[in-house]
Amino acid sequence: MDADLAVLRARIDDIDDALLRLFNERARLAQDIGHLKNGVVYKPEREAQVVRRMQDANAGPLPAESVAVLYREIMSACRALEQPLTIAYLGPTGTFSEAAAIKHFGHAAQGLPCASIDDVFRVVERGEANYGVAP
């Protein structure tokens with residue numbers, strides 16, 4: 001049994017090494033695309049298209065929502081290489097608005113808690129945040 005476990009863990013290590021190489025290759029390509037986009041970092045329709053395509057291609061056993069979460073985080077990390085995003089949300093930290101911002105933009109985006117919905121809009125208008133999230 002220990003030998004079987006060691007073999008399986010070695011296979012996982014090999015896959016992890018390949019995934020890391022591929023993640024970095026994807027990130028480099030995303031950076032190249034970022035240079036061509038002339039400052040437009042976040043393209044929600046393109047990101048939704050990628051997530052849908054990967055969910056449709058998923059044969060399991062990962063559930064579709066897990067695939068969506070993984071790809072949102074990969075795209076968030078790649079997007080942050082182009083330009084870090086700041087997302088204003090109705091605060092404080094730990095609210096459903098912050099959770100919605102993380103779910104939509106990923107953990108690589110910087111959150112900015114605001115005291116009111118008006119503050120969310122003002123912060124975005126002043127350019128202190130790229131986008132705002134409010135319930």
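**Helix packing and sheet arrangement in the predicted model**

The axes of helix 3 and helix 4 come within 7 Å and cross at roughly 85 degrees. Angles of 65 to 115 degrees count as roughly perpendicular. Helix 3 and helix 4 are therefore roughly perpendicular to each other. Helix 3 contributes E65, R72, E73, S76 and R79 to the contact, and helix 4 contributes I102, K103, H104 and F105. By class, two of these residues are nonpolar, two are polar and five are charged. The model is predicted.

The chain as a whole contains five helices and three strands. Read from the N terminus, the order of elements is α-α-α-β-α-β-α-β. The radius of gyration is 18 Å, well over the 14 Å that the globule rule gives for 135 residues, so the chain is more spread out than a compact globule. The C-alpha trace spans about 60 × 35 × 25 Å along its principal axes.

Helix 3 also packs against helix 2. The angle between helix 2 and helix 3 is about 140 degrees, and their axes lie 9 Å apart. The two helices are therefore oblique to each other. Their crossing is right-handed. On the helix 2 side, the contact is made by E47, V50, V51, M54 and Q55. On the helix 3 side, it is made by A64, E65, V67, A68, Y71, R72, M75 and R79. The class count for this contact is eight nonpolar, one polar and four charged residues.

A further contact of helix 3 is with helix 1. Helix 1 covers residues 2-36 and helix 3 covers residues 64-82. They pack at an angle of about 45 degrees, with axes 9 Å apart. That angle makes helix 1 oblique to helix 3. The crossing of helix 1 and helix 3 is right-handed. F23, R26, A27, A30, Q31 and G34 of helix 1 meet I74, M75, C78, L81 and E82 of helix 3. Seven of the residues in this contact are nonpolar, two are polar and two are charged. M75 of helix 3 is thus listed in the contact with helix 1 and in the contact with helix 2. E65, R72 and R79 of helix 3 appear in the contact with helix 2 and in the contact with helix 4.

The three strands form an open sheet with the order 2-1-3 and parallel pairing. Strand 2 (110-114) and strand 3 (131-133) are the edge strands, each paired on one side only. From one strand to the next, the twist averages 30 degrees. Strand 1 (residues 86-90) runs parallel to strand 2, and five bridges join the two. Within this pairing, T86 has Q110 of strand 2 as its bridge partner. Helix 5 (residues 117-125) lies across strand 1, strand 2 and strand 3. Helix 5 runs at about 165 degrees to strand 1.

Two cis peptide bonds precede prolines in loops. The bond from G60 to P61 is cis, with omega near 15 degrees. P61 sits in the loop between helix 2 (44-57) and helix 3. The bond from G91 to P92 is likewise cis, with omega near 5 degrees. P92 sits in the loop between strand 1 and helix 4 (96-105).

Definitions and conventions
Residues numbered from 1 in each chain as written. Predicted model: local features only at pLDDT ≥ 70, side-chain atom pairs only at ≥ 80, totals over all residues. Heavy atoms only, no water. Axes fitted to C-alpha atoms, helices over the stretch in contact; angles between N-to-C directions. Helix = DSSP H or I, 4+ residues; strand = E, 2+ residues; numbered from the N terminus. Parallel < 35°, antiparallel > 145°, perpendicular 65-115°, else oblique. Left-handed = near helix turned anticlockwise from the far one by under 90°. Contact = heavy atoms within 4.5 Å. Nonpolar A, V, L, I, M, F, W, Y, C, P; charged D, E, K, R; others polar. Pairing = 2+ DSSP bridges. Rg over C-alpha atoms; globule rule 2.2 N^0.38 Å.
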